[in-house]
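Please walk through this structure with the sequence at hand, moving from the chain as a whole to single residues and their surroundings.

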Amino acid sequence: MNILLDIQSSRIKLTLIKNCQSIMESDLLYENWLTVSKTFISYNVKENIEECWYLQESDLIKGMNSIEDLSNIQINNLYTAGASLSNNDLYTVSVINFFTALFPKSHHRLISDKAFFSALPDDSLICAIPSKFRKSSFTKRGGFGLTHKWIADILKQKYDSSISKIISIYLGDKTNITAIQEGQPIETSIGFSSAEGLPSMTGCGDIDPTMLMELHAYGMEIHDIVDLIENKSGICGYLGRNINFREFLKDTSEQAVAIREVYFYQIIKFIGYYMAILGGIDAIAIVSDAAGEDTSMITYLCEWFNFMGIKTQSPEIINDNCIQKISLVNSSVSVYYTIYDKIKILSDLIEFSKKTINCN
């Protein structure tokens, strides 16, 4: 049995995992995570814990890999440097200290969702603003790095070792796209925050920044503007109601059809943009969080690129998370499709990292 601790901005999600399946979950608020964790574990953990995984969005350790074995890192050194850590990082260190003490014989691994994008080239990272504002924190951070790294790694290792240039697409509440060459990110749609890039279910996507200044001039406070573009805009903002990604794909209302056309257009634009940056591609990989509802969408997106010789069939509706090759034999580009499964992605990446360590 393994434990996954997903450390987010205001809460911690604790998941018990057995045979790559979630068997029990608990949401913990920062105010009471310690008490609730003790109670949850005492009632539900009846066997040895093999591994504890600590998932966080930021990089607690500068220059860290996506997966770090904590047996090689002095956590206490991080804790004593707490003055330089954010509140989220401090919570991460506290959680790590608690669980490493509770399960001293288990393997403990720190997992970063954004470490993958530390390899982005300067052409992608640098903002055209005055040098005095170009601090290291004012840069592209990316998102869903583990998902994009996983699909690139698994296609190369298990499906086609000749694949070099990949466009990886995550379809879900925060749809985003990454261009990958030889396993390294070249460009990604999420920037300094998730508001940049494609419109999401609640985020506005790329807009002219002077529009935000206009909102401020009209009397909106900065924190309200941030909340507007990150949590109250996007598809839900356009529709004027809260729905999830699956519901959006099924919605037949006139408004939903209209915004869906805009949404598809933006995805097609980013795919074309990344094809040009990569100088052609070997594969498109689609990781979807809406299996069964996304068939017509994927067909539409793929058909748009028929002029390039990309030929596909619709993905099969299946219950497992295998990777389907949906491109036809005579397609100029291989196209793969799979279902988003966070636990499988983490499990596979950890196994890959173990093999890399053993090879070295």
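Contact, as the word is used below, means that heavy atoms lie within 4.5 Å. With that cut-off, and leaving aside its neighbours within four places in sequence, D113 is in contact with L55, Q56, E57, G143, F144, G145 and L146. The coordinates belong to a predicted model, and every value given here is computed from that model.

Before returning to D113, consider the chain as a whole. The protein chain holds 12 helices and 12 strands. Its radius of gyration is 21 Å, close to the 21 Å that the globule rule gives for 360 residues, and the chain is therefore as compact as a globular protein of that length. Taken along the principal axes, the box filled by the C-alpha atoms is roughly 60 × 55 × 40 Å. Of the 360 residues, 48% are buried, and among the contacts between residues at least 6 apart in sequence, 65% join residues at least 24 apart. The accessible surface comes to about 18,300 Å², with 51% of that area belonging to carbon and sulfur atoms. As for charge, there are 31 positive and 42 negative side chains, and the centres of these two sets lie 4 Å apart.

A helix shows how burial can be arranged along one element. In helix α11, which covers residues 295–303, the buried residues are M297, I298, L301 and C302. These four cover an arc of only 125° around the axis, which puts them on the same side of α11. The general reason is that an α-helix has 3.6 residues a turn, so residues three or four places apart point the same way. What do the buried residues of α11 pack against? Their partners are the strands β7 (165–171), β10 (283–288) and β12 (334–339), together with the helices α9 (245–250) and α10 (254–278).

Two strand residues can be followed next. T15 is found in strand β2 and, at 4% relative accessibility, counts as buried. Not counting residues up to four places away in sequence, T15 touches N2, I3, L4, S22, M24, E25 and I343. C52, in turn, lies in strand β4, residues 51–56, and is buried with a relative accessible area of 0%. With neighbours within four places in sequence left aside, the contacts of C52 are I3, F103, H107, H108 and R109. One of these partners, H108, is 56 residues from C52 in sequence, yet the C-alpha atoms of the two are 4.8 Å apart in space.

The loops hold residues with a backbone feature worth checking in the model. C20 lies in the loop between β2 (11–18) and β3 (21–29), and its phi is near 65°, a positive value in a residue other than glycine. The relative accessible area of C20 is 40%, which makes this residue partly exposed. F144, found in the loop between α4 (122–125) and α5 (145–159), also is not a glycine and has a positive phi of about 60°. Is F144 buried or exposed? At 19% relative accessibility F144 counts as buried, given that the cut-off for buried is under 20% relative accessible area.

F144 leads back to D113, since F144 is among the residues that D113 contacts. D113 has its place in the loop between β6 (107–112) and α4, and with a relative accessible area of 17% this aspartate is buried. D113 and G142 are 29 residues apart in sequence, while their C-alpha atoms lie 8.9 Å apart in space. The contacts of D113 with G143, F144, G145 and L146 can be viewed alongside its contacts with L55, Q56 and E57.

How values were computed
Residues are numbered from 1 along each chain as its sequence is written. This is a predicted model: local features need pLDDT of at least 70, side-chain atom pairs count only at pLDDT 80 or more; totals for chains, interfaces and linings use all residues. Side-chain values use heavy atoms; hydrogens and water are left out. Helices (H or I, at least four residues) and strands (E, at least two) are DSSP runs, numbered from the N terminus. The radius of gyration is taken over C-alpha atoms; the globule rule is 2.2 Å times the number of residues to the power 0.38. Buried means under 20% relative accessible area, exposed over 50%, partly exposed in between (1.4 Å probe, protein chains only). Accessible areas come from the Shrake-Rupley method with a 1.4 Å probe; for residues, only the protein chains shown count as cover. Lys and Arg count as positive and Asp and Glu as negative; His and the chain ends are not counted. The place of a charge is taken as NZ of Lys, CZ of Arg, CG of Asp or CD of Glu. The arc is that of the directions from the helix axis to the C-beta atoms.
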